[in-house]
Amino acid sequence: MSGAILTPEDRAHLLLMMRQQTPSPVHRRMNALLLVDDGWTAERVAAALFIDADTVREHRRLYQTAGVSGVGRLQYEGGEPALTAEQLTALGAELDARLYMSAKAVCAFVERSFEVTYTAHAMAKLLKRLSFVYKKPKRVPAKANEETQRTFFEATLGPLMAAANDDQPLYFVDATHPSYTAHAAYGWIRKGQTRELKSNHGRTNININGALSWPGREFVHRQTTGRITSAEMILLFEDLQARHPAATAIRVVLDNASYNHSKEVKAWLACDDCRVELVYLPAYAPNLNLIERFWWLFKKTAIYNEYFPTFAEFKAAVESYFTRLDHYRGEIESLITGKFHFIGKFNPQAP
């Protein structure tokens, strides 16, 4: 039964236009209005035309405000925004200060603040035009301090990286402990489907202590069945000294783990034949340790989204990565650069 929203004249006009060649977006818009005029709900129309219900409602509002002439016009150039330039600036400042989890929540803020109503669909489009995207915040240590990191880089780390050479090589050191279980990561999966990744019940780890040189990005590592200890750190330092017999000093950048400050390590550093000099990172600054990027690439390449039926197969996959580092040379050089991202900025909170 027709006549729910269209006048007889407008309905006849839309039917005539539907029989003529019209741009497909306009054709779908007219089709939606005719179905609504027949008494269909917005949800039923959306399902039939493979669009969303909010779009159907927008088409109806367009007809009610602009008539059939507005329905038949493609306004790619855009109309006047519902918010003024000052209001858009205020909205941008609000989104920079607070983290909204949905477009609907932003709509509520706009209505409270400016008495302007948006649909969630229209708000999502507005946010994209304002250069906002929907993504997760990055988790960082709560006590990270951006200013401390900048000062450390400018006064210590940057000059060390610039001065690194064969006589005074520079290494970034840290350990990783991949566990024998499923490591699920993002991947392309067909819409509407779920991919399963088998998970092991064990929590056996492979403990790897590594050192990454700068600027050569050469990798040195040791595997241990137990935890990383002061003795393991000293063995790694001795490996570095053996690699550079002619170097006068070997600078090692590392974090503040207790074994890096232990009495055993301090005693070894005090030996007459020791050429290793430790450079401690600021607290809560893993982003300044270049080897963290190397570990990320290792996990992504070797173990993410993979199922290993036995621990032996898991261990073999890990060891295979390190024997084929030349194969990943391009990725390593692209990922591990002298550019750093400083963390510990103001973190917007959800409203």
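This is a guided tour of one predicted model, stop by stop, for following along in your viewer.

Residues are numbered from 1 along each chain as its sequence is written, and side-chain values use heavy atoms, with hydrogens and water left out. Because the model is predicted, local features need pLDDT of at least 70 and side-chain atom pairs count only at pLDDT 80 or more, while totals for chains, interfaces and linings use all residues.

**Stop 1: helix α4**

Select residues 53-71, which make up helix α4. Helices here are DSSP runs of H or I with at least four residues, strands are runs of E with at least two, and both are numbered from the N terminus. Helix α4 has 19 residues, yet its end C-alpha atoms are only 17 Å apart. A straight helix would reach 27 Å at 1.5 Å a residue (the expected span is 1.5 Å times one less than the number of residues).

Where is the kink in α4 centred? Click on T65: the kink there is about 100°. The bend at a residue is the angle between axes fitted to the seven residues ending there and the seven starting there.

Next, colour the buried residues of α4: A53, T55, V56, H59, Y63, G67, V68, G70 and V71. Buried means under 20% relative accessible area, exposed means over 50%, and partly exposed is in between, with a 1.4 Å probe and protein chains only. Show α1 (8-19), α2 (24-37), α3 (42-49) and α7 as well, since they are among the elements that cover these buried residues.

**Stop 2: E115**

Move on to the loop between α6 (103-114) and α7 (120-129), where E115 lies. Most residues other than glycine have a negative phi, and most peptide bonds are trans. E115 has a positive phi of about 55° although it is not a glycine. Is E115 buried or exposed? At 74% relative accessibility, E115 is exposed.

**Stop 3: helix α8**

Select residues 146-163 for helix α8. Its 18 residues reach 24 Å from the first C-alpha to the last, close to the expected 26 Å. Even so, α8 has a kink of about 50°, centred on F153.

The buried residues of α8 are E146, Q149, F152, L157, G158, L160 and M161. Their cover includes β1, β2 (207-214), β4 (250-254) and β5 (276-280). Pause at G158, which is buried at a relative accessible area of 19%. For a sense of distance, draw a line from G158 to I206: they are 48 residues apart in sequence and 32 Å apart in space, C-alpha to C-alpha.

**Stop 4: the loop between β2 and β3**

Zoom in on P215, in the loop between β2 and β3 (219-224). A cis peptide bond joins W214 and P215, with omega about 10°. R217 is in the loop between β2 and β3 too, and has a positive phi of about 60° although it is not a glycine. R217 counts as buried, at 15% relative accessibility.

**Stop 5: helix α9**

Select residues 230-243, helix α9, and look at three of its residues.

- E232 is buried at 16% relative accessibility. Leaving out residues up to four places away in sequence, E232 touches N209, R222, T224 and R227 (contact means heavy atoms within 4.5 Å).
- D239 is partly exposed, at 26%. With the sequence neighbours up to four places away left out, D239 touches V220 and R222.
- L240 is buried, with a relative accessible area of 0%. Beyond four places in sequence, L240 touches Y171, A211, V220, I250 and V252. The C-alpha atoms of L240 and R275 are 35 residues apart along the chain and 9.6 Å apart in space.

**Stop 6: the cavity**

How many cavities of 30 Å³ or more does a search of the whole structure find? The search finds one, and the largest cavity has a volume of about 40 Å³. A cavity is a set of points, on a 1 Å grid over the protein atoms alone, where a 1.4 Å probe fits but cannot get out; lining residues have an atom within 4 Å of a point. Points are joined across faces, edges and corners, and the volume is the space filled by probe spheres set on them.

To see the lining, select V173, D174, A175, N209, M233, L254, D255, Y259 and N260. Strand β1 (residues 170-176) gives the most to this lining, with three residues.

Notes
On a 1 Å grid over the protein atoms alone, a cavity is a set of points where a 1.4 Å probe fits but cannot get out, and a pocket is an open set with protein on both sides within 12 Å along at least five of seven lines; lining residues have an atom within 4 Å of a point.
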